[in-house]
Structures are given as C-alpha cells and as structure tokens.
Amino acid sequence: MEAAAQHGLDTIFTMAYTDDERSRGFVKRILATIEGHGTVHFVRLNPPDATLYERITNESRVRLRKPATTEHLDRKLPAHVFRVTIDYPSSIILDSLQLSPLESARRIIEAFDLAVK
C-alpha cells in the first residue's frame, strides 16, 4: 500500500472492521501509510446478517481465502461489534442490500467527489 501511495496509485480494499484495538490499530497504520501521499476514504457497507449468511459461501470468498462458512459467522457475529463506523472525516455508510453495485459506486463517487475532471 505504501508503494502504491508513493506512486500515486489508488488502492481499494475491504475489511471486517470491528470496534476493537486490532481494527483501530490497523486503521491507524493505514492512515499513517497513506496520508501525505494521497487521500483516504472509508465506506462501510451495511448488509443485514441474513445477507452475510447468503454471501459467506460464495466461491469468490473461497478463492480469495476469506472465511467462507456459516460456522465462522456463527462464532464472529456474536463476539464482535461489526456495525460501527470508522471515526474519520471522510467516511460514509451504504446499505448494500438496497443499492446495486453500480449505484453504490455512484454514491461513493459523489460523496467523495471522485469524478474524473
């Protein structure tokens, strides 16, 4: 990420942010790495638990070596607070159940004024 930032390349990544020291520490490291080279924006997708259970076994998750079992969600959802927003000025929340991927992208572009100029 640091090399990408130093060369002006945009980076998009996902994470399951929880309100704990591990997640907060990760975000602090990301900010320290990127700030000074570019801009950081956070987007929290907010699907209901039922949608998480529907998506957890998708082949893409297996291929990317992400957790891909309902048993994983059974353990993680009660143990962590996932419905928190990163406390950062450039941050939005999207209801990814109500919006198509294209509409989500449009909202992100508008919220952060990312349109090509």
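Here are some friendly questions and answers about this predicted model.

Reader: How many helices and strands does the protein have, and in what order do the elements run?
Author: Welcome, and let's start with the overall layout. From the N terminus on, the elements run α-α-β-α-α-α-β-α. Counting them up gives six helices and two strands.

Reader: Do the strands β1 and β2 run parallel or antiparallel, and how many bridges join them?
Author: Strand β1 covers residues 42–45 and strand β2 covers residues 91–94. One pairing to look for is R44, whose bridge partner in β2 is I93. The two strands run parallel, and the number of bridges joining them is four.

Reader: Which residues of β1 are on its covered face, and which are on its uncovered one?
Author: Good thing to check in the 3D view! The covered face of β1 has F42 and R44. The uncovered face has V43 and L45.

Reader: Which helix gives the largest share of the largest nonpolar core?
Author: This core has 11 residues, among them A5, Y17, L31, F42 and Y88. In soluble globular proteins, nonpolar side chains tend to be buried together. Within the core, L31 touches V40, F42 and Y88, leaving aside residues up to four places away in sequence. The largest share of the core, four residues, comes from helix α2.

Reader: Where is the nonpolar surface patch, and is its residue M1 buried or exposed?
Author: The patch is made by M1, F13 and M15 and comes to about 250 Å². M1 lies in the segment before α1. Its relative accessible area is 39%, between the 20% and 50% cut-offs, so M1 counts as partly exposed.

Reader: How many residues apart are R83 and D49, whose side chains meet in a salt bridge?
Author: The structure holds five salt bridges, and in this one the N to O distance is 2.7 Å. The pair links distant parts of the chain, with R83 in the loop between α5 and β2 and D49 in helix α3. Their separation in sequence is 34 residues.

Reader: What separates E103 and R107 along helix α6?
Author: The side chains of E103 and R107 meet in a salt bridge, at 3.1 Å from N to O. R107 is partly exposed, with a relative accessible area of 39%, and E103 is partly exposed at 26%. Because E103 and R107 are four residues apart in this helix, their separation is about one helical turn.

Note on methods
Residues are numbered from 1 along each chain as its sequence is written. This is a predicted model: local features need pLDDT of at least 70, side-chain atom pairs count only at pLDDT 80 or more; totals for chains, interfaces and linings use all residues. Side-chain values use heavy atoms; hydrogens and water are left out. A nonpolar core is a set of buried Ala, Val, Leu, Ile, Met, Phe, Trp, Tyr and Cys residues joined through side-chain atoms within 4.5 Å. Buried means under 20% relative accessible area, exposed over 50%, partly exposed in between (1.4 Å probe, protein chains only). Contact means heavy atoms within 4.5 Å. Patches are made of residues with over 30% relative accessible area and no salt bridge: like charges are joined within 9 Å, nonpolar side chains (Val, Leu, Ile, Met, Phe, Trp, Tyr) within 5 Å. Accessible areas come from the Shrake-Rupley method with a 1.4 Å probe; for residues, only the protein chains shown count as cover. A salt bridge is a side-chain nitrogen of Lys or Arg within 4 Å of a carboxyl oxygen of Asp or Glu. Two strands pair if DSSP finds at least two bridges between them.
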